[in-house]
Amino acid sequence: GARVLGACKALAHWHLDLKASHIGAEGVGALASVPVREGEALTHLSLHCNKIGDEGARALAGVLSECKALAHLDLGLNQIGLDGTRCLVVGLEKCQAENWRRPERAREILDLSYTEVGRGLL
């Protein structure tokens with residue numbers, strides 16, 4: 001999984017569904033390294049059930065500011081703890097996608113179900 005993601009040249013207006021693909025933190029790191037080119041955008045990303053943990057969340061958080069069209073991010077069932085969630089929050093604060101600027105839509109666009117935060121630890 002990780003090698004395939006790293007070989008991608010760019011992601012353009014994609015709904016990328018990698019649910020239960022077993023990519024782990026390494027695969028998320030490879031996905032985060034895919035360049036974003038002018039006029040291209042990832043709109044929906046599902047990494048549900050991939051055991052990305054805090055390490056994968058940190059890698060993803062580092063590129064969220066570049067996601068100008070991201071409308072939905074599913075990170076449920078990924079063993080993300082408080083450290084990873086804090087990194088995601090910082091990354092999402094820098095995100096330029098309009099949807100992330102509307103707190104009333106937070107449950108529609110970010111899924112952290114079955115993670116430490118989803119279980120109500122924050």
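This short presentation covers the fold, the sheet and the nonpolar core of the protein shown above.

Good morning, colleagues. Please keep in mind throughout that this is a predicted model.

I begin with the overall architecture. The protein contains five helices and four strands. Along the sequence these elements follow the pattern α-β-α-β-α-β-α-α-β. Of its 122 residues, 45% count as buried. The exposed surface amounts to about 6,900 Å², and carbon and sulfur atoms supply 52% of that area. As for contacts with a separation of 6 or more, 85% of them come from residues 24 or more positions apart.

I turn next to the sheet. The four strands form an open sheet in the order β1-β2-β3-β4, with parallel pairing. At its edges are β1, residues 14-17, and β4, residues 110-111, each of which pairs on one side only. Strand β2, residues 42-46, pairs with β1 in the parallel sense over four bridges. Within β2, His44 stands opposite His15.

Finally, the interior. Which residues have the most contacts inside the largest nonpolar core? That core has 24 residues, and the ones in question are Leu45, Leu47, Leu60, Leu64, Leu75 and Leu88. The elements that contribute two or more residues to this core are α2 (24-32), β2, α3 (53-61) and α4 (82-94).

Leu75 merits individual inspection. Setting aside its neighbours within four places in sequence, Leu75 is in contact with Leu47, Leu60 and Leu88, and also with Ile52, Ile80, Asp111, Leu112 and Thr115. Of these partners, Asp111 lies in the range of edge strand β4, residues 110-111.

Thank you for your attention.

Note on methods:
Residues are numbered from 1 along each chain as its sequence is written. This is a predicted model: local features need pLDDT of at least 70, side-chain atom pairs count only at pLDDT 80 or more; totals for chains, interfaces and linings use all residues. Side-chain values use heavy atoms; hydrogens and water are left out. Buried means under 20% relative accessible area, exposed over 50%, partly exposed in between (1.4 Å probe, protein chains only). Contact means heavy atoms within 4.5 Å. Accessible areas come from the Shrake-Rupley method with a 1.4 Å probe; for residues, only the protein chains shown count as cover. Two strands pair if DSSP finds at least two bridges between them. A nonpolar core is a set of buried Ala, Val, Leu, Ile, Met, Phe, Trp, Tyr and Cys residues joined through side-chain atoms within 4.5 Å.
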